[in-house]
Amino acid sequence: MVSSDLTPVDDAIDHLVGQARPIARTETVALADSLDRVLARDYMVPADVPPADNSAVDGYAVRAGDLSGEGPLPVSGRVAAGEAPGDLKPGTAVRIFTGSEIPSGADSVIMQERITLSDDGITVNAPVSEGQNIRRQGQDLTRGELALAKGTKIRAQEMGLLGSIGVAEVSVYEKLKVAILTTGDELVDPGQPLGPGQIYNSNRFTMLGLLAKAGCEVSLCETLRDTREATRSTLERAAAEADLIITSGGVSVGEEDHVRAVLEESGQLSLWLMASKPGKPMAFGSIGGTPVLGLPGNPAAVLVTFLVVGMPFIRACQGRGVITGLGERLPAGFSTESTSVRRQYIRARKSMGDHGPVVTAYSNQSSGVLSSACWADGLAVVPENEIIGLGDSVTYYSFAELLE
Ligand SMILES: Nc1nc2c(c(=O)[nH]1)N[C@H]1C(S)=C(S)[C@@H](COP(=O)(O)OP(=O)(O)OC[C@H]3O[C@@H](n4cnc5c(N)ncnc54)[C@H](O)[C@@H]3O)O[C@H]1N2
Ligand code: MOO
C-alpha cells in the first residue's frame, strides 16, 4: 500500500529517476538528422582539429625575425585556403588567407590592414610578435581526447563538432516510445461538436507538444472511457509496445478515477500524491513492467507536473545525465498570502522592472486555467510553508530550460 502522505517534490523526482531504466536500443542516423538525439557512445578525436597551424586573418605570413632589416619584404608566394603550403623563402613574405595553412618557416601572420603593398613587397606598419594570428594545430580538439561523451544530447554545436572530426553517421539511442492516454468521459476531440457536460480534450495536445520537444516518439495516443475495464485493457495494451505510458486524469480520489486503482490492482503503484501545487494527485508505477506516469487531469497541472517530475525521468530513460544548475534567483513581482505544505509552481514571466529583471505571476493560478501557461514563459517556485513578499528572491525556471 502506497503512503497517502504527500511526497515532497524532490523525493518524488529522486524516486522516479531511481526507477528509470535507460533505453538500450540504439540506431545509426545521418549526422544531418541527429539534432536533439542522444549519443549512444563516446566519440574520440581521431586527428587534431585543426589538422595544421593556419592563419586567423587575411594577410602575409612572415618570419618575425626577418622584419628587422631595412626596406620592404618581397612577396614570394601565395597560399589559398585548401592548398598545401610550400616553404617560406627566408627574407620574404607569403600572401595568405584566413584558414590557409602556414608555410613552413613562417612564424607570424600580419593582417593586410597593417601593411603597405608596393611593387617591391610589403612594408609593415605595426609591431609584429612571433606567433601572432596563427591558430595552432589541435587548438580545438587534440587527437585521442574525448570529443563528446555517451549520453550527450546533440544540439547544433554538437552536430558541428561531430562534423569537424569527420563523423558522417552517428550512433544514437532510439527515441523513447511513449503512449499518451487521456482519461475522461467528458472529453471530445477538437473538430467535433460539444454535447452537454462535455469539454474538448486539451491535455492530449499539450502532451503531444511536450513529448515532441522532449525528443520522444508518440507510439499511441488514445482517450480512455471512465471504466475500470477500459482503463486496464488499454494500459495493458499500451504497456506491450511503449517504453513509457503517460496518462492524464483519473488519479484523484473519486470513484471514477481508475488509473491509480488499475495500477494498484494489475500493476504497481510506487508513488501517489506529491506535495506540489498544482500536481498533487500525481501517480507513478508500472504495468506489465512498463513505467506509468499518471498526471493529474487539470490542464495546467499536466504541464507543470510533466516539466517538474516527468522531464527528469524522461532524461534518465533517454540515457542522459541529471541536469543541475537550472533556474535563477530573481526578485518576485508578486506576493502570496498564505503558506502551503505544497511547493507552489506559479505560472510566471520574467520581465524588466524599474530596478532590473523581476518575476511576475499570472493573476489566476487555478490549475484549470491553461491560459496562465500561455501568458507565462516559465515557473516561479514558492517553497513549502513560505510566504513570498514583493521583492523577495524566488527561483524562476524558464519553460525552455525545463524542457532541455
Ligand atoms: N476530493 C478531492 N477532489 C480533488 C482533489 C482532492 O485532493 N480531493 N484534488 C484535486 C486536484 S488538485 C486535481 S489536480 C484533480 C485531479 O484529478 P484527476 O487527476 O483525477 O483528474 P480528473 O478528475 O480526471 O480531471 C480533473 C479536471 O481536468 C479536466 N480534464 C481531464 N482530462 C482532460 C483533458 N484531457 N483535457 C482537458 N481537460 C481535462 C477534467 O474535466 C476535470 O475538470 O482533482 C481535484 N479533485
Ligand atoms: O494539484 Mo491540482 O493539480 O492543484 O490542480
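**Close-up views of the predicted model**

**View 1. An open sheet of four strands with mixed pairing.** In this predicted model, four strands with mixed pairing make up an open sheet whose order is β5-β6-β4-β7. The edge positions are taken by β5 (75-79) and β7 (108-111), each of which has a single partner strand, so one side of each is left without a neighbour in the sheet. From one strand to the next, the twist averages 30°. Strand β4 (residues 59-62) and β7 run antiparallel and are joined by four bridges. Within this pair, Ala61 has Val109 of β7 as its bridge partner.

**View 2. The hairpin of β8 and β9.** Strand β8 (residues 115-118) runs antiparallel to strand β9 (residues 121-124), and four bridges join the two. The bridge partner of Leu117 in β9 is Ile122. Two residues form the connection of the hairpin that joins β8 to β9.

**View 3. An open sheet of six strands and the helices that accompany its strands.** The strand order is β16-β13-β17-β21-β20-β18, and the pairing is mixed. At the edges stand β16 (217-224) and β18 (268-272); each has a single partner strand, so one side of each is left without a neighbour in the sheet. The twist from one strand to the next averages 20°. Four bridges pair β18 with strand β20 (residues 283-287) in the antiparallel sense, and Gln268 has Ser286 of β20 as its bridge partner. Helix α1 (residues 9-19) packs on the sheet, where it touches β18, β20 and β21 (290-295), and the direction of α1 makes about 150° with that of β18. Helix α6 lies across β17 (244-248) and β21, and runs at about 160° to β21.

**View 4. The packing of helices α4 and α5.** Helix α4 (residues 228-241) and helix α5 (residues 258-266) pack with their axes 9 Å apart, at an angle of about 65°. Their crossing is right-handed. On the α4 side, Arg228, Thr231, Arg232 and Leu235 meet His258, Val259, Ala261, Val262 and Ser266 of α5. By class, the residues of this contact are four nonpolar, three polar and two charged.

**View 5. The contact between domain 1 and domain 4.** The domain assignment gives domain 1 as 9-25 + 175-317 and domain 4 as 328-402. Their C-alpha centres lie 25 Å apart. The contact involves 16 residues of domain 1 and 16 residues of domain 4. On the side of domain 1 that touches domain 4, β19 (276-277) and α6 are the elements that give two or more residues. The largest share of that side, eight residues, is supplied by α6. The residues on this side of domain 1 comprise 11 nonpolar, three polar and two charged.

**View 6. The surroundings of ligand 1.** Ligand 1 is surrounded by 26 residues, of which Asn203, Gly249, Ser252, Pro296 and Gly297 are the closest. At least two residues of the shell come from each of β13 (177-183), α3 (203-213) and α6 (299-317). The shell comprises nine nonpolar, 13 polar and four charged residues.

**View 7. The surroundings of ligand 2.** The residues that surround ligand 2 are Lys277, Pro278, Gly279, Lys280, Pro296, Asn298, Ala301 and Ser367. This shell divides by class into three nonpolar, three polar and two charged residues. Pro296 is listed around ligand 2 and is also among the closest residues to ligand 1.

Note on methods. Residues numbered from 1 in each chain as written. Chains lettered and ligands numbered in written order. Predicted model: local features only at pLDDT ≥ 70, side-chain atom pairs only at ≥ 80, totals over all residues. Near = placed C-beta within 6 Å. Nonpolar A, V, L, I, M, F, W, Y, C, P; charged D, E, K, R; others polar. Domains from an automatic or database assignment. Contact = placed C-beta atoms within 7 Å. Axes fitted to C-alpha atoms, helices over the stretch in contact; angles between N-to-C directions. Left-handed = near helix turned anticlockwise from the far one by under 90°. Pairing = 2+ DSSP bridges.
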